[in-house]
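Please read this note with the model open beside it. The points take up charged pairs, then aromatic rings, then the packing of two helices.

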Amino acid sequence: LRRARGLGTLQTNTEWGHNMSMQWLLARAPGFHALPDEDRAAIFNFTFLWSLFEAQVMGNFARPDLICMKADEWRDAGTLDADHYDEELAYFRQRYFADGQLTRHFAYLNLRPADQPDIVRSVLDGSNDDPRDRLLTVLMIVWRFRNNLFHGEKWAYQLQGQLPNFTHANVVLMRLLERHGQLAG
């Protein structure tokens with residue numbers, strides 16, 4: 001047990017470590033102090049949901065080609081259930097495609113060639129309504145959120161304005177875990 005600085009209360013090492021981590025982030029991470037608690041929670045939840053998704057659904061290793069293989073596997077097994085992600089796809093379409101063109105946000109996904117950018121564009125603009133490609137687009141966007149967060153791109157925004165992105169991504173990950181994770185069924 002430790003005595004909290006200036007508080008006169010005893011804390012477990014775990015509580016102390018959590019408080020120290022939060023204090024450190026609040027003091028040093030650009031823009032972190034300005035994030036509402038709800039935003040921080042969505043981002044923290046995303047990190048754990050992604051980790052669980054990668055472990056339970058992706059066999060401890062996710063990358064674009066393996067995500068494509070999973071989408072193909074689910075399509076072939078009749079368990080794709082792309083319609084279950086329509087609300088999230090609608091949000092992504094509104095964010096990344098408006099007035100007949102890709103929005104300024106689209107470039108910040110930083111899609112790589114392996115991320116199926118042509119499929120993603122065609123689904124977002126509505127010219128491709130294939131169920132496998134719709135789910136794949138949602139997954140590739142969540143994949144890019146993961147990469148952009150874990151590799152620092154989201155810090156260019158100081159994580160501002162990311163709550164709806166991570167809220168929708170979290171719903172996708174929870175749904176995938178329920179349908180295809182080790183505890184599914």
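1. A salt bridge is counted where a side-chain nitrogen of Lys or Arg lies within 4 Å of a carboxyl oxygen of Asp or Glu. By this rule the count comes to 14 salt bridges. The model is a predicted one, and every value below is computed from it. As background, side chains of opposite charge can pair when their charged atoms come close.

2. Start with Asp-72 and Arg-75, whose side chains form a salt bridge with 3.4 Å from N to O. Both residues belong to helix α3 (residues 64-77); they are three residues apart, so about one helical turn separates them. Asp-72 counts as partly exposed because its relative accessibility is 22%, and the cut-off for buried is under 20%. Arg-75, at 40% relative accessibility, is partly exposed as well.

3. A second salt bridge is made by the side chains of Asp-118 and Arg-121, at 3.1 Å from N to O. These two residues lie in helix α6 (residues 117-124), three residues apart, which is about one turn of the helix. Asp-118 has a relative accessible area of 59% and is therefore exposed. Arg-121 has 33% and is partly exposed.

4. Which residues are joined into one network by salt bridges that share partners? They are Asp-72, Arg-75, Asp-76, Arg-132 and Asp-133. The pair from point 2, Asp-72 and Arg-75, thus belongs to this network.

5. Glu-88 and Arg-175 form another salt bridge, with the closest N and O atoms 2.9 Å apart. Glu-88 is in helix α4 and Arg-175 is in helix α8 (residues 163-180), so this pair ties together parts that are 87 residues apart in sequence. Is Glu-88 buried or exposed? Glu-88 is buried, since its relative accessible area is 2%. Its partner Arg-175 is partly exposed, with a relative accessible area of 24%.

6. Arg-175 has a further contact: Arg-175 lies over the face of Tyr-85, at 5.9 Å from the ring centre. The student should therefore look at Arg-175 with both Glu-88 and Tyr-85 in view.

7. Turning to the aromatic rings, a search of the whole structure finds nine aromatic pairs. One of them is Trp-50 with Phe-53, a tilted pair at 5.1 Å centre to centre and 55° between the planes. The two residues are three apart in helix α2 (residues 37-56), so they are separated by about one helical turn. Trp-50 is buried, and Phe-53 is buried too.

8. In the pair of Tyr-96 and Phe-106, the ring centres are 6.5 Å apart and the planes stand at 75°, so the pair is edge-to-face. Tyr-96 is in helix α4 (residues 86-96) and Phe-106 in helix α5 (residues 104-107), so the pair links parts of the chain that are 10 residues apart. Tyr-96 and Phe-106 are both buried.

9. The residues of points 7 and 8 also belong to one aromatic cluster, whose members include Trp-50, Phe-53, Tyr-96 and Phe-106. Phe-46, Tyr-91, Phe-92, Trp-143, Phe-145 and Phe-166 are in this cluster as well.

10. Last, two packed helices are described by the angle between their axes and the distance between the axes. For α2 and α8 the angle is about 30° and the axes are 9 Å apart. That angle makes α2 roughly parallel to α8, the cut-off being under 35 degrees. The crossing of α2 past α8 is left-handed.

Terms used:
Residues are numbered from 1 along each chain as its sequence is written. This is a predicted model: local features need pLDDT of at least 70, side-chain atom pairs count only at pLDDT 80 or more; totals for chains, interfaces and linings use all residues. Side-chain values use heavy atoms; hydrogens and water are left out. Rings of Phe, Tyr and Trp (its six-membered ring) pair if their centres lie within 6.5 Å; planes under 30 degrees apart count as stacked, over 60 as edge-to-face and the rest as tilted. Helices (H or I, at least four residues) and strands (E, at least two) are DSSP runs, numbered from the N terminus. Buried means under 20% relative accessible area, exposed over 50%, partly exposed in between (1.4 Å probe, protein chains only). A charge sits over a ring if NZ of Lys or CZ of Arg is within 6 Å of the ring centre and within 35 degrees of the ring normal. Axes are lines fitted to C-alpha atoms, for helices over the stretch in contact, and angles run from 0 to 180 degrees between N-to-C directions. Angles under 35 degrees count as roughly parallel, over 145 as roughly antiparallel, 65 to 115 as roughly perpendicular and the rest as oblique. A crossing is left-handed if the near helix is turned anticlockwise from the far one by less than a right angle, and right-handed if clockwise.
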